[in-house]
Amino acid sequence: LGFMGIAPDYRTHERFKTTPLEAVADARAALRWVQANSAALGIDPAKVIVGGNSAGGHLALWTALSTTPPGSSLNEAPLQKPAGLILFSAVSDTSMLSGYTPRRFGDHATALSPLHQLDEKMPPVLAFHGDADKTVPYSQAVALHEKLLASGNRSELITVPGGSHSFSSQFPEWKNKGREYVLKFLKELQLSAGKR
């Protein structure tokens with residue numbers, strides 16, 4: 001389809017004894033690196049799509065926010081917003097009152113919550129979430145979707161009926177279904193020429 005795939009890594013507590021602050025900083029720095037090196041990579045920095053699953057969805061959202069979160073540097077912020085976001089079972093709320101594992105985020109629970117830091121203008125979002133997800137509640141996806149729409153942004157929420165956090169393993173047919181939705185999304189954003 002003419003895309004280049006880039007798979008950045010980020011620090012986690014299990015491997016580096018770090019906190020979510022470092023993970024968010026790494027995601028933002030990774031997008032900046034891609035954009036700053038776009039000429040060498042042979043890509044258009046204005047056509048970068050960022051995606052993520054679960055905690056990776058949380059990080060993907062942070063690449064699209066102009067607020068500099070705690071633990072991150074303005075010098076490592078993305079040079080521009082992604083052209084779009086593709087989220088799977090994403091963590092979008094880490095706030096103390098309604099968020100996912102807020103204790104893990106400590107004093108920064110709300111400051112690191114994308115739902116509470118959304119910009120007025122956000123990239124188009126395509127989100128997938130199972131309505132039986134017991135890890136990251138489906139209500140998070142609904143809240144993000146509704147808030148994006150209420151502020152005039154483009155958001156499409158694909159609900160997987162009976163889907164768990166790992167719905168594509170639970171329902172293998174969603175691997176192909178998901179690809180079809182993603183390709184349609186990219187075509188609508190004029191980022192894909194389709195099959196060659």
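**Strand pairing.** I began with S3 and S4, which pair in the parallel sense over 6 bridges. The model is predicted, and I read every entry here with that in mind. I then picked out one bridge: Phe128 has Ile158 in S4 as its partner.

**The whole sheet.** Next I traced the strand order. I found 4 strands in an open sheet, ordered S1-S2-S3-S4, with parallel pairing. Strand S1 (49–53) and strand S4 (155–160) are the edge strands, and each pairs on one side only. I also looked up the turn between neighbouring strands of this sheet: on average it is 10 degrees, direction ignored.

**Helices across the sheet.** I checked two helices. Helix H4, residues 55–62, lies across S1 and strand S2 (84–88). Its direction is at about 155 degrees to S1. Helix H6 lies across S2, S3 and S4. I noted about 160 degrees between H6 and S4.

**Cavity search.** How many cavities of 30 Å³ or more does a search of the whole structure find? I got 1. The largest cavity holds about 70 Å³ of space. Its lining is made up of 13 residues, and those closest to the centre are Leu87, Ala90, Ala127, Ala141 and Leu144.

Which elements supply at least two residues each of that lining? I listed strand S3 (125–130) and helix H6 (138–150). So I had met both names before: S3 pairs with S4, and H6 lies across S3.

Last, I sorted the lining of the largest cavity by class. I counted 8 nonpolar and 5 polar residues, and no charged ones.

Key. Residues numbered from 1 in each chain as written. Predicted model: local features only at pLDDT ≥ 70, side-chain atom pairs only at ≥ 80, totals over all residues. Heavy atoms only, no water. 1 Å grid on protein atoms, 1.4 Å probe; cavity = no way out; pocket = protein on both sides within 12 Å on 5 of 7 lines; lining within 4 Å. Points joined across faces, edges and corners; volume = space filled by probe spheres on them. Nonpolar A, V, L, I, M, F, W, Y, C, P; charged D, E, K, R; others polar. Pairing = 2+ DSSP bridges. Axes fitted to C-alpha atoms, helices over the stretch in contact; angles between N-to-C directions. Contact = heavy atoms within 4.5 Å.
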